[in-house]
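Student: I am new to this structure and would like a close look at a single part of it. Could you take me through the salt bridges, slowly and in connected steps?

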Amino acid sequence: MVELDEFPVALADAEGIEPMVQIPAELPVLPLRDIVIYPFMIVPLFVSRDRSIRAVEEALSKDRMILLVSQKDVNKEEPEQEDLYTVGTVAIIMRMLKLPDGRIRILIQGLSRCRVDNVSGSGPYVVSNVTPISEPMGTEVTLEVEALVRNVRGSMDRAASLGKNISPEVLAIIANLDDAGRLADLAASNLELKVEDAQSVLDIEEPIKRLRRVNDLLSKEIDVLTVQAEINTQARADIDRSQREYFLRQQLKAIQAELGEGNELYEEIEQYRDKILKVKMPEAAEEEALRQLKKLERMHPDTAETATLRNWLDIMTDLPWSHASKDNLNLKKAERILDEDHYGLERVKERMIESLAVRKLREKPKGSILCLVGPPGVGKTSLGRSVARALNRKFVRLSLGGLHDEAEIRGHRRTYVGAMPGRILQAIQQAETNNPLIMLDEIDKVGADFRGDPSSALLEVLDPEQNATFRDNYLGVTFDLSNVMFMTTANILDTVQPALRDRMEIISLSGYTEEEKREIAKRHLVPKQVEENGLDKGDVRFDSKAIAKIISEYTREAGLRQLEREIGKVCRKIARIKAEKEEKFESVRVTADNLKDFLRVSKIFNDVALKKDEIGTVTGLAWTAVGGEILFIEALKTKGKGKLMLTGQLGEVMQESAQAAFSYAKARSADLGIDEQVLENFDIHIHLPEGAIPKDGPSAGITMATALVSVLSQRPVRKDVAMTGEITLRGNVLPIGGVKEKLLAARRAKIKTVILPEPNRRDIEELPQEVKDDLTFIFVENVRQVFDIALREPKMAPKKSKGKALMAAS
């Protein structure tokens, strides 16, 4: 038996086939996948489906004829009538070969088109009624037919020249074939068309229309082949260029080796090229890096610009363009880490856990920039380090205090000597990941001068909508900062640019209470100082009363830095004792009684409440950058003409508050029990002690009003009452800020009652419970209420009346 071809080959030799073969009315069906058979085609086919094999065997047992019909869905194993096309080809089986794997290979030749009717698959194989489609004989050769025939011939030659796999034998047959129908079938069978397009040719009965359809398909195929040839030509040109460059580089390398120079530079350039491809930069950045590398390749190794370019390439390849650390999305673990590192600060911890929860639900959220505002030493910077540990991110701290140059943020241009990237990109390079937590410390202390405004440069860095395309002047390409988590710290917000403040979410950290300081000292400060000073855990023990005494008599601060220094001082003295006694050393217990042996005399003179009720002396409350303070306001009347004198380094706002209080007292003198003769014949002098310290703000308004009314009406002020609030000319009391710090100062001074503006009632909810328990809060809306609470009856009143008045005020 003759071995058959592995792949379909279309031939046009129809010799030996009778032009009018008798086709039965019913034939077994062989469904075809991915191929359409035309009349007069000789094609080898592999048959593997059982029903198809039985159909072939049935055909061989009779007249060797079988109906070939293409499937619409190639994945259909048992096709029905609706799964087959309506036009097929009757073929004759010329040879059959059984294969070892159970399949059979047959060689068939198409005979005639036919319509497929009444397909039945109920038997062992598929059968169908057949209606032959006769081919018109002797088609008239018109100009159109002649043109189509020539065009198809030329197109087939053109396709072959463009790389289409058409055998020379087929081209020779086409060149001598004049029948339009046969030419159309032969051309279509050699174009490797899709099943739908090939079937559309088979469906057309009229030869001219069929040839026109083939001509259209040929034109489309030639267009595709033309584009494919252009692509291949371009690819070949690129390959040739690369081979030429490689050849020239090898020659250059050989020349440099002969001259004894250039090897190091060549190796360095190859290393840079490998690094650039390895770090996976964005496309634009990679193109720029390779362009600069080519420029370096053409430079002499000893020029100054070569060193500049090397520095630029070092930084470009060191930046973590695609390397990111994996976030810790375990909320419980993150919360535990935050609680381990910091006591209290519940609001900040809650906000960080919320951010982590959003990041867990959304892969790349656009979170806000957090700004921690509070006095020094309350743990703002250490909180950022703790947050980074909880999120499993690298932590980098940038101190912005005293920063004046805008180039510190955006970087210098490479043309300058000593140019370098901005501090943001330096921080990312230092972190070695593109998603670190960057803490911008002391953002309120950024300056501005002729070199630019760094705050304006930070606007882009801290804006989640813009920082994805941050451009550093040194790099000259954009770097994506959207993965970086920014946190900022500040002591006050007054000096922060409004536009910059608008981009940040402000979280205020107030000062710690004495109880909180004591707990933090036990948990964190004492173990830290014991370890830092070379002591063992059992070498020293601090009593709670000793820590409380250090807090109250040796420190005065909202934060913890001075407290940590004093504890460190005690540990150093114990370390000296241990070093001197060596083996005879015994554990030292620090108590309130022996504390003076370590820290000597107390450094702090704590302000305490007044010891008795006094006329003209009122206890006020003030806020400072390091916490709250009590403030004594003194008023005195002297012979004069009714003028008001203010001393104690008062700012403009505080002076205006005093003028408003004085005007209110004069306008309401009759109601307040003030003699008009006193207003006309006496000057009033208001003084705030500690004159070396500047003071300003409106919150002392009701305090100065109380001092004025006290001295004018000769009514003593209660010693156990402190107050704060802004006053208007109508006597209304307006809200103030810094409530927590002021109340902590009042509690520290042993004051029991505090008068606050009514709108500040909501601030009490956030106070620690121990502060609420120790203080009595009275909320007022008008300054008359303040006078009724804070002022006693005049001293000249009878003792009995005075006792009643005291009871009423209490």
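**A closer look at the salt bridges**

Tutor: In this predicted model, Arg389 and Asp341 form a salt bridge in which the closest N and O atoms are 2.9 Å apart. Arg389 belongs to helix 12 (residues 380-391) and Asp341 to helix 10 (residues 331-341), so this pair ties together parts of the chain that are 48 residues apart in sequence. With a relative accessibility of 43%, Arg389 counts as partly exposed, and Asp341, at 27%, also counts as partly exposed, because values between 20% and 50% fall into that class. The pair does not stand by itself, since Arg336, Glu340, Asp341 and Arg389 are linked in a network of salt bridges.

Looking beyond this network, the structure holds 39 salt bridges, and two further pairs are worth following on the model. One of them joins Asp178 to Arg153, with 2.6 Å between the closest N and O atoms. This pair links distant parts of the chain, for Asp178 sits in the loop between helix 3 (168-175) and helix 4 (180-189), while Arg153 is in helix 2 (residues 143-161), and the two residues are 25 apart. Their surroundings can be described as well: Asp178 is exposed, with a relative accessible area of 58%, whereas Arg153, at 18% relative accessibility, counts as buried. The reason for these two labels is that exposed means over 50% and buried means under 20%.

The other pair is formed by Asp543 and Arg589, whose side chains meet in a salt bridge at 3.0 Å, taken from N to O. Here again distant parts of the chain are linked, with Asp543 in the loop between strand 14 (540-542) and helix 18 (544-553), and Arg589 in strand 15 (residues 588-590), 46 residues apart. Arg589 has a relative accessibility of 45% and therefore counts as partly exposed.

To bring the pieces together on the model, you might begin with Arg389 in helix 12 and Asp341 in helix 10, and then add Arg336 and Glu340, which belong to the network of salt bridges with them. From there you can turn to Asp178 and its partner Arg153, and finish with Asp543 and its partner Arg589.

Key
Residues numbered from 1 in each chain as written. Predicted model: local features only at pLDDT ≥ 70, side-chain atom pairs only at ≥ 80, totals over all residues. Heavy atoms only, no water. Salt bridge = Lys/Arg side-chain N within 4 Å of Asp/Glu carboxyl O. Helix = DSSP H or I, 4+ residues; strand = E, 2+ residues; numbered from the N terminus. Buried < 20%, exposed > 50% of the residue type's maximum accessible area, 1.4 Å probe, protein only.
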